[in-house]
Amino acid sequence: MTQGCLYLISAPSGAGKTSLVKALLNASPPCDNGKAGLCVSISHTTRPMRNGEVNGDNYHFVDEAEFKRMQLNGDFLEHAQVFGNYYGTSRNWVNERLAQGCDVILEIDWQGAAQIQRLVPEAISIFILPPSRNALEERLTTRGQDHAEVIAARMAKAVNEMSRYEQADYLVINDKFEQALADLQAILRSTQLRLVVQKQRNQALLDELLS
């Protein structure tokens, strides 16, 4: 079976990463029942569940003791502490989906992306930026999920996060949503057309053409 591609998508909070990834998944064939397609990894986290979130859908919510047990067992491909909470990506889940030929998206902060790029250098990294700092602050404020002091902390953190954009392979500016989505789709399509991927997926055809 052809190995799938691993995509690392990073952005500061409020840049629209989650909405873009959701739209990207809705517009792509799913990875289901062993069939190749596109899927997103669901991280484990120790942060409290927010209103409207579902365990196992948005995140796998665990307490700190369980998270650290998994960490010691080597269950995470990467892990990080963000705003006092822990986040981690299941190593086995990702490897199993890639082995099935599925393309896997990791919604991940820059620290986690850097860890995975060292372990999986063939992974494709994408950084999403807002069109301006004012737009970012407005998005964080209108979400209505956090208190003012949390928003201020996120804005301060965002400056440091955005400075890491040069670590990515691709940069997407989320000004107009549909254009940003089209940019992401173009990146995925171009990756699928790389010679190494096309050789894997079309070896029988190549052998027949050159026989």
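Strand β1 (residues 6-10) and strand β7 (residues 103-107) run parallel and are joined by four bridges. One residue pair to pick out here is Tyr-7 and its bridge partner in β7, Ile-105. Keep in mind that this is a predicted model. Here's how the rest fits around that pair of strands.

**The sheet**
- β1 and β7 belong to an open sheet of five strands, ordered β2-β7-β1-β8-β9, with parallel pairing.
- The edges are taken by β2 (38-40) and β9 (170-173); each has a single partner strand, so one side of each is left without a neighbour in the sheet.
- On average, neighbouring strands here are turned by 25° against each other, if you ignore direction.

**Helices on the sheet**
- Helix α3 packs on the sheet and touches β1, β2 and β7.
- The direction of α3 makes about 150° with that of β7.
- Helix α7 (residues 177-192) lies across β1, β2, β7, β8 (124-129) and β9.
- Against β9, α7 runs at about 160°.

**Asn-95, a residue of α3**
- Asn-95 sits in helix α3, which spans residues 91-99.
- Is Asn-95 buried, partly exposed or exposed? Its relative accessibility is 40%, so Asn-95 counts as partly exposed, given that the partly exposed class runs between the 20% and 50% cut-offs.
- Asn-95 and Gln-3 are 92 residues apart in sequence, while their C-alpha atoms are 9.6 Å apart in space.

Terms used
Residues numbered from 1 in each chain as written. Predicted model: local features only at pLDDT ≥ 70, side-chain atom pairs only at ≥ 80, totals over all residues. Heavy atoms only, no water. Helix = DSSP H or I, 4+ residues; strand = E, 2+ residues; numbered from the N terminus. Buried < 20%, exposed > 50% of the residue type's maximum accessible area, 1.4 Å probe, protein only. Pairing = 2+ DSSP bridges. Axes fitted to C-alpha atoms, helices over the stretch in contact; angles between N-to-C directions. Contact = heavy atoms within 4.5 Å.
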